[in-house]
Amino acid sequence: MCNELAFRVAAPDDLPALWSIRNRAARVQCAGHYPPAALETWLAAAPSDGFRHLLRQGHAIVAEQGRNIVGYTVVDVGERELEALFVAPDHFRRGCGSQLLARAEELASQEGIVTLTLSAALNAIDFYLAHDYELLAIDDYAHRSGVRLKRGVMQKSLKISRRSS
Ligand SMILES: CC(C)(COP(=O)(O)OP(=O)(O)OC[C@H]1O[C@@H](n2cnc3c(N)ncnc32)[C@H](O)[C@@H]1OP(=O)(O)O)[C@@H](O)C(=O)NCCC(=O)NCCS
């Protein structure tokens with residue numbers, strides 16, 4: 001288990017580390033679920049302005065072990081959506097993703113989100129089902145890189161814990 005993790009709000013300077021984890025995690029786990037060329041086109045995309053904006057808003061959380069970032073999650077509050085959740089491959093299946101997801105849900109709940117939606121990579125659908133997300137559909141969507149990718153459209157009702165001001 002990842003008992004020794006520390007969590008903090010991500011800073012814009014963390015972006016290269018986050019993107020590296022995204023690409024490494026997806027290359028290991030999404031391979032076999034997507035055509036190799038489509039996967040590489042998706043992964044070659046640079047971070048979007050929207051993603052950078054979410055980092056500046058403080059809506060991204062990193063998990064650290066010592067000084068190393070080993071996973072992260074991002075919530076798009078405006079879209080009521082879990083934008084990203086990635087764990088470094090050498091930390092897969094040690095509870096890191098579950099701990100990050102719990103923090104993302106807490107952040108979302110504090111922001112008043114009642115139903116959190118997400119687009120799950122096909123390889124991650126079982127992870128979200130194990131965390132009480134409902135699979136609404138599997139469809140094709142057009143990624144901004146130009147490829148069409150299959151995804152699971154999922155959602156979960158959250159307990160409300162609005163931050164007191
Ligand atoms: C999906 C991901 C975030 C899960 O994080 P993780 O730290 O490996 O997951 P956890 O250890 O917290 O898993 C908890 C439980 O979820 C389920 N689970 C996790 N990964 C799973 C997988 N690949 N397939 C099936 N079930 C899975 C299991 O029930 C697991 O419990 P167990 O290990 O005792 O069986 C991580 O593997 C990852 O980054 N994957 C690649 C990138 C990706 O697809 N991200 C999601 C984009 S939508």
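**Exercise 1. Is Asp14 buried or exposed?**

*Task.* Classify Asp14 in this predicted model and describe its surroundings.

*Solution.* Begin with the position: Asp14 belongs to the loop that links strand S1 (6-9) to helix H1 (15-29). Next, take the relative accessible area, which is 10% for Asp14. Buried means under 20%, so Asp14 is buried. Finally, list the contacts, setting aside residues up to four places away in sequence: Asp14 touches Arg8, Val62 and Ile69.

**Exercise 2. The loop between H1 and H2**

*Task.* Determine how accessible Cys30 and His33 are, and identify the residues that each one contacts.

*Solution.* Both residues must first be located. Cys30 sits in the loop between H1 and H2, and His33 is likewise placed in the loop between H1 and helix H2 (36-44).

The second step concerns accessibility. Cys30 has a relative accessibility of 3% and therefore counts as buried. For His33 the value is 40%, so His33 counts as partly exposed.

The third step concerns contacts, leaving out neighbours within four places in sequence. Cys30 is in contact with Ala25, Leu39, Trp42, Ala121 and Asn123. His33 touches Leu122 and Asn123.

The last step sets sequence separation beside distance in space. Cys30 and Leu122 are 92 residues apart along the chain, and 7.5 Å separates their C-alpha atoms. His33 and Asn123 are 90 residues apart in sequence, with a C-alpha to C-alpha distance of 6.5 Å.

**Exercise 3. Positive phi angles**

*Task.* Examine the backbone at Arg80 and Arg93, and state the location and accessibility of each residue.

*Solution.* Recall the background first: most residues other than glycine have a negative phi. Then consider Arg80, whose phi is near 55°, a positive value in a residue other than glycine. Arg80 is placed in the loop between strand S3 (68-76) and strand S4 (81-87). Its relative accessibility is 49%, and Arg80 therefore counts as partly exposed. Turn next to Arg93, whose phi, near 60°, is also positive. Arg93 lies in the loop between S4 and helix H4 (96-110). With a relative accessible area of 86%, Arg93 is exposed.

**Exercise 4. The chain as a whole**

*Task.* How many helices and strands does the chain contain, and in what pattern do they follow one another along the sequence? Describe also the dimensions, burial, contacts and charges of the chain.

*Solution.* Count the elements: the chain has five helices and seven strands. Read along the sequence, their pattern is β-α-α-α-β-β-β-α-β-α-β-β.

Consider the dimensions. A compact globule of 165 residues would have a radius of gyration near 15 Å, and the chain agrees because its own value is 15 Å. Along the principal axes, the C-alpha atoms fill a box of roughly 45 × 35 × 30 Å.

Continue with burial and surface. Buried residues account for 44% of the 165 residues. The exposed area is about 8,700 Å², of which carbon and sulfur atoms supply 49%.

Now take the contacts with a separation of 6 or more: residues 24 or more positions apart account for 65% of them. As for charge, the mean positions of the 19 positive and 19 negative charges are 2 Å apart.

**Exercise 5. The annotated span**

*Task.* Which residues does UniProt assign to the feature "domain: N-acetyltransferase", and how much helix and strand does the span hold?

*Solution.* An unreviewed UniProt entry places this feature at residues 5-159. In the model, the span is 34% helix and 33% strand. Its end C-alpha atoms lie 24 Å apart.

Methods: Residues numbered from 1 in each chain as written. Predicted model: local features only at pLDDT ≥ 70, side-chain atom pairs only at ≥ 80, totals over all residues. Heavy atoms only, no water. Helix = DSSP H or I, 4+ residues; strand = E, 2+ residues; numbered from the N terminus. Rg over C-alpha atoms; globule rule 2.2 N^0.38 Å. Buried < 20%, exposed > 50% of the residue type's maximum accessible area, 1.4 Å probe, protein only. Contact = heavy atoms within 4.5 Å. Areas by Shrake-Rupley, 256 points an atom, 1.4 Å probe, with all protein chains shown as cover. Lys, Arg positive; Asp, Glu negative; His and termini not counted. Charge placed at Lys NZ, Arg CZ, Asp CG, Glu CD. UniProt positions renumbered as here; feature names shortened; annotations may be inferred.
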